[in-house]
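Okay, thanks for coming, everyone. Let me put the model up, and then I'll walk you through it one piece at a time.

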Amino acid sequence: MTSMDEKAQGDIVAFLGSPEAHGGETPERVDTHLSHVFLTAARAYKLKRAVDYGFVDFRTAEQRKLAALREVELNRRTAPSIYLGVRPLYRSAKGVSWEGEGAPADHVVEMRRFDRALEFDKLAQAGRLEARMTAMLADRVAEFHARAECAKEGDDMAALIKRLAETMAKDELGRARSADVARWLDLARVECARLSARLASRARHRFVRRCHGDLHLGNIAMIDGEPAPFDAIEFNETLATIDVQYDLAFLTMDLHRFGRADLAALALSRYLAFTRDYSGAALLPLFQSMRAAVRAMVLDFPGEPEAAHEEAARYLDLALSFLAPRAAPRLVAIGGYSGSGKSSVAAALAPLIDAPMGASSSERCRQKRLVEARGPKRNC
């Protein structure tokens, strides 16, 4: 559905979709809930849609401009080579153009285009997502979290769980599977109450930071041989000022969704080896379940194709699985001579223990990287 605010952007959307805007090249257009994206051979131009969903408000040109600037600022933390800047658009009697006088009519985020086949969800679907890529990504996320700005407090998890359940209950999936949504809400509330003291202490111990906020596999790509998280949340500080393990949980949850429990265990092990945040690992089942519920909610958005609604149902199943009763904690020790394959055996066993979360193997990382990851915490 197009709002009156969006209709006022009609001439701008038409211009960006025309060859005139791109030196004679006709762009490919991709529409999302929040943006119109126009893709040429070398560039991507993202126009914020003039929408208001409650959690985001882009109805005015000034709001869209500030959001575009913030998007570039935030995403240059993890994908500096992709985000080139913000470009203004002007209206005149001759129409919309890149150059003009007076106040700009709107703004777009200009990005370097990359091969979408190298996005992690596409790689996973094609069976091309490798352990090497996942290890590099986990290291990158750990380093990013170590440098991220600390916050005195984050979102209230109990309130977030309630909002998620209320939103899901109103959508097609929630109406069709109301009993499962209610069961998820009950399980999540019980787990949140059980972990309330630990959750409350995380901000005091500097684990609540200005994170990415939307770290699923579709928002990560291999760029110049390195994993680059992109499309971080810029429109709502609350949704991205979160526990670092809640940020990580989106990644590990999505690896499970794509059938890569082995890579989820690897990512967790690498991350914990960098950060030593083992106390936070106790929160992961709850956080992963919440992330799966978020994904179910987004994919069940009105107007999505039938395939998206079917995928939302699978994410709801996954959300429930993370909160299923778990075995008592256990320690598995693997011994042997140097070079006999202890680490390889541990890595192979880790995803099979305590499913669906898997176990963390005590993999050691280079001391230099540990120092680099820990050092910037002094700035908090």
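Let's start with one lysine: K48 has 2% relative accessibility, so K48 counts as buried. Buried here means under 20% relative accessible area, exposed means over 50%, and partly exposed is in between, with a 1.4 Å probe and protein chains only.

Quick housekeeping before I go on. This is a predicted model, so local features need pLDDT of at least 70 and side-chain atom pairs count only at pLDDT 80 or more, while totals for chains, interfaces and linings use all residues. Residues are numbered from 1 along each chain as its sequence is written, and side-chain values use heavy atoms, with hydrogens and water left out.

Back to the lysine. K48 sits in strand β3; helices (H or I, at least four residues) and strands (E, at least two) are DSSP runs, numbered from the N terminus. Which residues does K48 touch, leaving aside its neighbours within four places in sequence? With contact meaning heavy atoms within 4.5 Å, they are Q9, L34, S35, F58, R64, A67, A68, E71 and E234. The one I'd click on is E234, whose side chain makes a polar contact of 2.8 Å with the side chain of K48. A polar contact is a pair of N or O atoms within 3.5 Å; within protein, one must be able to donate a hydrogen and the other to accept it, and residues adjacent in sequence count only if both atoms are side-chain atoms. Also, the C-alpha atoms of K48 and V109 are 8.6 Å apart, with their positions 61 residues apart along the chain.

Now zoom out to the sheet. What is the order of its six strands? Reading across, you get β1-β2-β3-β6-β4-β5, an open sheet with antiparallel pairing. Two strands pair if DSSP finds at least two bridges between them. The edges are β1 (28-31) and β5 (95-97), each with a single partner strand, so one side of each has no neighbour in the sheet. On average, neighbouring strands are turned by 25 degrees against each other, direction ignored. Axes are lines fitted to C-alpha atoms, for helices over the stretch in contact, and angles run from 0 to 180 degrees between N-to-C directions.

Let's walk across from the β1 edge. β1 and β2 run antiparallel and are joined by four bridges, with D31 opposite H36 in β2. They form a hairpin with three residues between them. Next, β2 and β3 pair in the antiparallel sense over five bridges, and V37 stands opposite K46 in β3. That pair is a hairpin too, again with three residues between the strands.

Stay on β2, residues 35-39, for a second: five of its five residues are buried. In a regular strand the side chains alternate between the two faces of the sheet. Here S35, V37 and L39 are buried on one side, and H36 and F38 are buried on the other, so to speak a strand with both faces covered.On to the other end. β4 and β6 pair in the antiparallel sense over six bridges, and P88 stands opposite H107 in β6. Strand β4, residues 83-92, then pairs with β5, also antiparallel, over three bridges. In β5, V96 is the bridge partner of R91, and G95 is the bridge partner of S92. The β4-β5 hairpin has two residues between its strands.

What packs on this sheet? Helix α3, residues 61-75, does, touching β3 (43-48), β4 and β6 (106-112), and its direction makes about 165 degrees with that of β4.

Now two glutamates. E25 is in the loop between α2 (10-16) and β1, and with 32% relative accessible area E25 is partly exposed. A polar atom of the E25 side chain lies 2.7 Å from the backbone nitrogen of A41. E191, in helix α8 (residues 178-194), is buried at 16%; not counting neighbours within four places in sequence, E191 contacts L286 and L323.

Last, the whole chain: 16 helices and 10 strands, with buried residues making up 49% of the 380. The radius of gyration is 22 Å, which agrees with the value near 21 Å for a compact globule of 380 residues. That radius is taken over C-alpha atoms, and the globule rule is 2.2 Å times the number of residues to the power 0.38. Okay, that's my tour.
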